[in-house]
Amino acid sequence: MSIAWDVFTPAAALGGGVLIGLAASAFVLLLGRIAGISGMLGGVLERAADWPLRLAFVLGLLAAPMIYALLAGAMPLPVIEASTPTLLLAGLLVGVGTRFASGCTSGHGVCGLSRLSPRSLVATLCFMGAGFATVYIVRHLLG
């Protein structure tokens, strides 16, 4: 394993984490809502009563990196080594997992843990454990 030092950006990661924390805190304090992405997108697709708010949230998630790229200039592009079928299967499994867990990584991992939710702790331990096991199996046992 090696670290790509040219794209190692701890300051940007810290700044992004602070912004996510502030946004999630503002969302719960000002609106009494959890900023979970799967719940927001699900509410847009199901046309929940507050779908305009949910749509604005999702559009903000899509627009923010584009605005950052315009302001920051050229950035290194991520390299995805997985095939399209693998990515589609992974996306499907994540979607199924969010339904089983009644929430996603942002809802449980960011918002739920900050509220000291036992259910979110169990969900976060499960999805992190599954991720660790998957990487170990794919990279060390199969690869």
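**L31 and the surface patch**

I looked up L31 and found it partly exposed, with a relative accessible area of 44%. The model I am reading is predicted. I placed L31 in helix 1, which covers residues 10–31. Why partly exposed rather than buried or exposed? Its 44% puts L31 in the middle class, because buried means under 20% and exposed means over 50%.

I then checked which patch holds L31. It belongs to a nonpolar patch on the surface, together with V28, L29, L30, I34 and L53. I noted about 560 Å² of accessible area for these residues together. Which element gives the largest share of the patch? Helix 1 does, with four residues.

**The core**

Next I went inside. I listed the largest nonpolar core, which has eight residues. They are A24, F27, A35, M40, V44, F57, V58 and C111. I traced where they come from: helix 1, helix 2 (37–45) and helix 3 (51–72) each supply at least two of them. I kept a general remark beside this: in soluble globular proteins, nonpolar side chains tend to be buried together.

I followed one core member, C111, to its contacts. Neighbours within four places in sequence aside, C111 meets A24, I34, A35 and S106. Of these, A24 and A35 are also listed in the core, while I34 is listed in the surface patch.

**T98**

I moved on to helix 4, residues 84–100, where T98 sits. Is T98 buried or exposed? I found T98 buried, at a relative accessible area of 17%. That follows because the value is under 20%. I looked for a partner of its side chain and found the backbone oxygen of G95, at 2.7 Å. Setting aside residues up to four places away in sequence, I saw T98 touch S38, G103 and C104.

**D6**

I turned to D6, in the segment before helix 1. D6 counts as exposed, at 70% relative accessibility. I checked its distance to P76, which is 70 residues away along the chain. Their C-alpha atoms are separated by 9.3 Å.

**The whole chain**

Last, I stepped back. I counted six helices and zero strands. I noted a C-alpha trace spanning about 45 × 40 × 30 Å along its principal axes. How much of the chain is buried? Of its 143 residues, 16% count as buried. I recorded about 10,900 Å² exposed by the chain, with carbon and sulfur atoms supplying 74% of it. Among contacts with a separation of 6 or more, 29% join residues 24 or more positions apart.

Key: Residues numbered from 1 in each chain as written. Predicted model: local features only at pLDDT ≥ 70, side-chain atom pairs only at ≥ 80, totals over all residues. Heavy atoms only, no water. Helix = DSSP H or I, 4+ residues; strand = E, 2+ residues; numbered from the N terminus. Buried < 20%, exposed > 50% of the residue type's maximum accessible area, 1.4 Å probe, protein only. Polar contact = N/O pair within 3.5 Å; in protein donor to acceptor, adjacent residues only side chain to side chain. Contact = heavy atoms within 4.5 Å. Patch = residues over 30% accessible without salt bridge, like charges linked within 9 Å, V, L, I, M, F, W, Y side chains within 5 Å. Areas by Shrake-Rupley, 256 points an atom, 1.4 Å probe, with all protein chains shown as cover. Salt bridge = Lys/Arg side-chain N within 4 Å of Asp/Glu carboxyl O. Core = buried A, V, L, I, M, F, W, Y, C linked by side-chain atoms within 4.5 Å.
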